[in-house]
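User: I would like to learn how to read a ligand site in a model. Please take me through it step by step.

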Amino acid sequence: MSVQPQQKRRTAASIQALKGARPVVCLTAYTAPIAKLLDPHCDLLLVGDSLGMVVYGMESTVSVTVEMMIAHGQAVMRASKEACVVVDLPFGSYQESKEQAFRTAARIMKETGASAVKLEGGEEMAETVAFLSSRGIPVMGHVGLMPQLVNATGGYRSLGRSDAEAEKIRRDACAIDDAGAFSMVIEGTIEPVARDISAGLKAVTIGIGASAACDGQVLVSDDMLGVFTTFKPRFVKHFANLAPEISAAAAAYAEEVKARTFPGEDHTFQMKRQKL
Ligand code: KIV
């Protein structure tokens with residue numbers, strides 16, 4: 001009997017090793033069928049807390065719970081086998097102390113099997129990132145625009161145009177890098193700042209609205225697929241336009257149900273014919 005070599009999942013270390021070699025490909029995934037389709041094409045699958053808005057129709061990511069992240073993390077892990085899966089720590093589950101962050105991150109990793117967690121924050125989270133990283137939890141940081149802070153910062157806009165803003169993002173990124181993050185998302189940040197940060201860090205920078213100068217890119221998969229059409233930020237590109245196709249399919253289904261043309265013969269069970 002020949003033993004087939006098991007295909008290994010990418011790890012945080014193997015992602016970090018891609019820095020300077022080639023751009024890193026990341027998409028968000030929240031459900032098993034989508035994770036299965038994205039997995040062969042992605043280095044990283046991010047179970048982002050954007051699921052609050054994209055899947056649950058919430059106004060922001062603030063109400064997302066640890067239990068939601070675990071349920072979706074498990075679905076994505078079950079359906080993927082190659083990508084490194086990273087699960088977001090939701091708002092309120094890690095900011096209180098490094099010990100709270102460790103408890104939440106350890107629970108998420110144990111219950112989902114994911115390889116790493118992501119948390120938002122800069123200098124103020126550096127001690128937490130160091131605490132987790134030195135205790136076996138690979139951390140992806142998230143600097144620039146931080147959606148969990150929407151109530152304090154007052155909205156979603158690109159950052160880095162003033163010297164003060166640019167300097168703050170630089171300091172945040174360096175603090176998280178020094179603390180041992182293997183990677184960090186840079187969101188909504190002007191190109192020169194993202195370029196400068198990416199060139200100076202050990203961590204792999206993953207841009208969203210932060211230019212091609214980052215080490216890799218992430219998009220919310222429902223944005224990229226043209227399913228989530230509530231609003232379209234400038235940095236989103238629709239690589240497919242599924243919303244009208246889904247509407248058209250639902251309309252065709254409704255018409256056939258009303259006309260009793262669906263289900264047809266092919267979709268209907270009958271008594272078995274007796275053999276003569
Ligand atoms: O929650 C999320 O999906 C994210 C990405 C947009 C980077 O943080």
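User: Which residues are around the ligand?

Analyst: A residue counts as near the ligand if one of its heavy atoms lies within 4 Å of it. In this predicted model, the residues around the ligand are Thr28, Leu46, Gly48, Asp49, Ser50, Asp88, Lys118, His142, Val185, Ile208, Val218 and Val220.

User: How many residues of each class does the shell around the ligand have?

Analyst: The shell has five nonpolar, four polar and three charged residues. Gly is counted among the polar ones.

User: Which side chains have a polar atom paired with a ligand oxygen?

Analyst: A polar contact is a pair of N or O atoms within 3.5 Å. For Ser50, a side-chain N or O atom is 2.5 Å from an oxygen atom of the ligand. The corresponding distance for Asp49 is 2.9 Å, and for a polar side-chain atom of Asp88 it is 3.1 Å.

User: What share of the ligand does the protein bury?

Analyst: Taken alone, the ligand exposes 260 Å², and the protein buries 94% of that. The space that the ligand takes is the largest pocket.

User: Turning to the protein itself, is Gly141 buried or exposed?

Analyst: Buried means under 20% relative accessible area. Gly141 has a relative accessible area of 0%, so it is buried. Gly141 belongs to strand β5, which covers residues 139–144.

User: How many residues apart in sequence are Gly141 and Ala173, and what is their distance in space?

Analyst: Gly141 and Ala173 are 32 residues apart in sequence, and their C-alpha atoms are 8.2 Å apart in space.

Notes:
Residues numbered from 1 in each chain as written. Predicted model: local features only at pLDDT ≥ 70, side-chain atom pairs only at ≥ 80, totals over all residues. Heavy atoms only, no water. Polar contact = N/O pair within 3.5 Å; in protein donor to acceptor, adjacent residues only side chain to side chain. Areas by Shrake-Rupley, 256 points an atom, 1.4 Å probe, with all protein chains shown as cover. 1 Å grid on protein atoms, 1.4 Å probe; cavity = no way out; pocket = protein on both sides within 12 Å on 5 of 7 lines; lining within 4 Å. Sits in = over half its atoms within 2 Å of the grid points. Helix = DSSP H or I, 4+ residues; strand = E, 2+ residues; numbered from the N terminus. Buried < 20%, exposed > 50% of the residue type's maximum accessible area, 1.4 Å probe, protein only.
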